[in-house]
Amino acid sequence: MSDNLIQRTMSAYTYPLLIKNLLNAPIIDDPQQEIVYRNQLRYSYAEFRQRVCKLANALTEMGVKPGDTVAVMDFDSHRYLECYYAVPMLGAVLHMVNIRLSPEQILYTIDHAEDDYLLVNEEFLPILEQIKGRIDTVKGYVLLQDGQQQPETALSFEGEYEELLDAADAHFEFADFDENTRATTFYSTGTTGLPKGVYFSHRQLVLHTLGVLAALGTPESQGRFHQQDVYMPITPMFHVHAWGLPFVATSLAVKQVYPGKYAPDMLLKLIAKEKVTFSHCVPTILHLLMNHPSYTKTYLSTWKVIIGGAALPQAMCKAGLEKGIDIFTGYGMSETCPILTLAQVTEKDLQLDDEVDLRCKTGRPLPLVDLKVVDEQLEEIPRDGSSVGEIVVRAPWLTQGYLKDQRNSEQLWRGGYLHTGDVANRNKQNFVKITDRIKDVIKIGGEWISSLELEDLLCAHPAIGEVAVIGLPDNKWGERPLALAVKKDAADVSEKELQQHIHGFIDKGIIAKEVVLLKIQFVTEIEKTSVGKINKRALREKYQKK
């Protein structure tokens with residue numbers, strides 16, 4: 001045995017990295033700080049700790065024990081935040097059910113995760129009514145509701161959430177256990193086959209929280225998240241723990257605002273009323289907010305927002321900056337807990353276009369993230385800002401695989417790195433820029449064309465609100481690009497005008513000449529996945545048939 005190994009005194013406390021220890025900051029009991037749910041409820045952090053203990057007691061009384069799986073079907077709420085802590089702190093697994101999947105897919109995930117208990121918002125009872133006779137594992141249900149009226153349902157409940165908490169003790173001693181115990185699981189959006197189960201341990205969630213705290217807490221100003229901020233997530237709490245940021249916000253003991261079911265008017269009202277200063281969302285949600293009548297009247301010059309899940313269009317970024325929003329990119333995926341990089345700007349006195357370019361890049365890796373851009377032999381490509389390869393990563397918070405799926409787990413981790421499937425370049429300043437998904441690159445006559453770059457150029461036209469570019473089979477060229485474009489309200493633009501717009505970039509050498517083959521089709525909406533990303537697989541299937 002090496003002499004350099006640290007000797008541990010038998011009486012020393014090894015301090016396991018457990019979710020319960022994220023609640024140990026003294027400020028967590030600050031009675032002046034609030035957690036807010038829509039316009040319906042607000043309470044202090046001291047009450048939050050009591051409610052977490054009450055929930056733990058209620059679940060224990062129901063029969064939940066370490067190793068069980070407790071599922072939740074809810075909108076973004078204080079209840080969900082309480083479940084983020086109470087369930088894994090019991091040694092149980094929190095299954096965050098993707099409420100935007102189809103009923104059959106939801107049934108699959110409940111059975112595959114082997115859920116023992118299910119907490120369900122009354123709005124999702126019709127889904128359970130469709131599948132209840134085929135749910136094999138669930139022993140008991142808890143009703144979640146905002147109103148008082150008893151819903152009409154054939155389901156039998158252990159009780160209503162608030163009534164169970166009212167009857168429970170406000171003290172609970174959470175035991176220590178192995179930090180590698182599984183804490184959470186959730187399922188991918190299922191765009192390719194059945195949804196895949198992704199899971200994370202206490203250790204991984206704590207380390208991700210600390211890594212994000214370091215990355216967001218250290219900048220001088222831009223993209224900084226600190227104790228005087230007011231936090232509101234606008235990405236679903238069922239999706240990768242709302243990017244892990246509720247854990248970060250609770251560790252900082254900032255005021256938190258949970259909007260429930262997303263509606264642009266409610267989101268903008270909450271931002272204004274509660275003075276929200278920090279959020280995160282996908283471009284689709286920000287697009288909805290920007291196009292709502294209340295947007296122009298809402299003061300947003302103190303609002304910081306991370307955009308992820310899809311590329312941040314430069315036109316959207318520029319419009320946000322002009323409104324005073326501190327808008328920047330964050331990058332990760334379901335399998336990475338998720339945050340890997342942030343596009344924070346440290347350079348001073350940049351021209352607007354240069355600043356937009358930086359904020360729209362994928363960003364720099366967080367502390368503890370070993371990120372490489374590699375070729376097919378896993379050799380790093382030059383950091384010249386133009387050579388492209390696949391992003392592969394190692395970090396202490398990446399999922400170890402897919403639940404009960406050894407084959408896809410091995411494929412995910414081939415060569416000892418987690419493969420993201422994202423094509424990117426990297427410059428000398430360590431900024432990464434994703435140019436496409438491997439499966440979404442358009443191959444025209446041997447030339448690789450970035451669908452994301454083409455989308456960005458099309459979005460730069462003032463009449464275009466949203467666009468998706470896909471490649472369709474072509475006998476002569478291999479593939480041919482099709483742009484599906486949504487016009488802004490009252491905008492008037494023709495296909496010919498958009499073609500001329502793109503030709504201008506071809507003439508300047510900004511994009512390959514093969515893009516002259518681009519076809520443009522105007523649509524009223526673009527298909528999305530359950531978490532608001534453009535569903536290019538569905539679009540390819542739809543338009544290949546036409």
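These questions and answers walk through a predicted model of one protein.

Q: How many helices and strands are there in the protein?
A: The model is predicted. Both element types occur in the protein. The counts are 16 helices and 25 strands.

Q: What radius of gyration does the protein have, and what does the globule rule give for 546 residues?
A: The rule gives 24 Å for 546 residues. The protein comes close to that, so it is as compact as a globular protein of that length. Its C-alpha trace spans about 70 × 70 × 45 Å along the principal axes. The radius of gyration of the protein is 24 Å.

Q: What share of the 546 residues counts as buried?
A: A residue counts as buried when its relative accessible area is under 20%. The accessible surface of the protein comes to about 23,800 Å², with 49% of it belonging to carbon and sulfur atoms. Of the 546 residues, the buried share is 57%.

Q: What percentage of the contacts with a separation of 6 or more joins residues 24 or more positions apart?
A: Take the contacts in the protein with a separation of 6 or more. Residues 24 or more positions apart account for part of them. That part is 68%.

Q: How many residues has helix 1, and what is its reach from first C-alpha to last?
A: Helix 1 runs over residues 45–62. At 1.5 Å a residue, 26 Å is expected, and the helix comes close to that. Helix 1 has 18 residues and reaches 26 Å.

Q: Which residue has a side-chain oxygen that reaches the backbone nitrogen of alanine 46?
A: Alanine 46 lies in helix 1. The contact sits at the start of that helix, and the oxygen comes to within 3.4 Å of the nitrogen. The oxygen belongs to serine 44.

Q: Is alanine 46 buried or partly exposed?
A: Buried requires a relative accessible area under 20%. Alanine 46 has 26%. Other residues of helix 1 are buried, among them Tyr45 and Phe48. Alanine 46 is partly exposed.

Q: How far apart are the C-alpha atoms of alanine 46 and phenylalanine 522?
A: Along the chain, 476 residues separate alanine 46 and phenylalanine 522. In space, the separation of their C-alpha atoms is 53 Å.

Q: Which residue follows helix 1?
A: The residue after helix 1 has a positive phi, near 120°. This residue is glycine 63.

Q: With which residue does glutamate 355 form a salt bridge?
A: Both partners lie in helix 12, four residues apart, about one turn of the helix. An α-helix has 3.6 residues a turn, so residues three or four places apart point the same way. Glutamate 355 is partly exposed at 21%, while its partner is buried at 5%. The closest N and O atoms are 2.9 Å apart, and the partner is arginine 359.

Q: Which residue pairs with aspartate 357 in a salt bridge?
A: Aspartate 357 is partly exposed, with 28% relative accessibility. Its partner is buried, at 12%. The closest N and O atoms are 3.8 Å apart, and the partner is lysine 361.

Q: How far apart are the closest N and O atoms of glutamate 380 and arginine 383?
A: Glutamate 380 is partly exposed at 40%. Arginine 383 is also partly exposed, at 38%. They form a salt bridge, with a closest N and O distance of 3.7 Å.

Q: Which residues does a network of salt bridges link?
A: Side chains of opposite charge can pair when their charged atoms come close. A search of the whole structure finds 32 salt bridges. The network links Glu34, Arg42, Lys255 and Glu274.

Conventions: Residues are numbered from 1 along each chain as its sequence is written. This is a predicted model: local features need pLDDT of at least 70, side-chain atom pairs count only at pLDDT 80 or more; totals for chains, interfaces and linings use all residues. Side-chain values use heavy atoms; hydrogens and water are left out. Helices (H or I, at least four residues) and strands (E, at least two) are DSSP runs, numbered from the N terminus. The expected span of a helix is 1.5 Å times one less than its number of residues. Buried means under 20% relative accessible area, exposed over 50%, partly exposed in between (1.4 Å probe, protein chains only). A polar contact is a pair of N or O atoms within 3.5 Å; within protein, one must be able to donate a hydrogen and the other to accept it, and residues adjacent in sequence count only if both atoms are side-chain atoms. A salt bridge is a side-chain nitrogen of Lys or Arg within 4 Å of a carboxyl oxygen of Asp or Glu. The radius of gyration is taken over C-alpha atoms; the globule rule is 2.2 Å times the number of residues to the power 0.38. Contact means heavy atoms within 4.5 Å. Accessible areas come from the Shrake-Rupley method with a 1.4 Å probe; for residues, only the protein chains shown count as cover.
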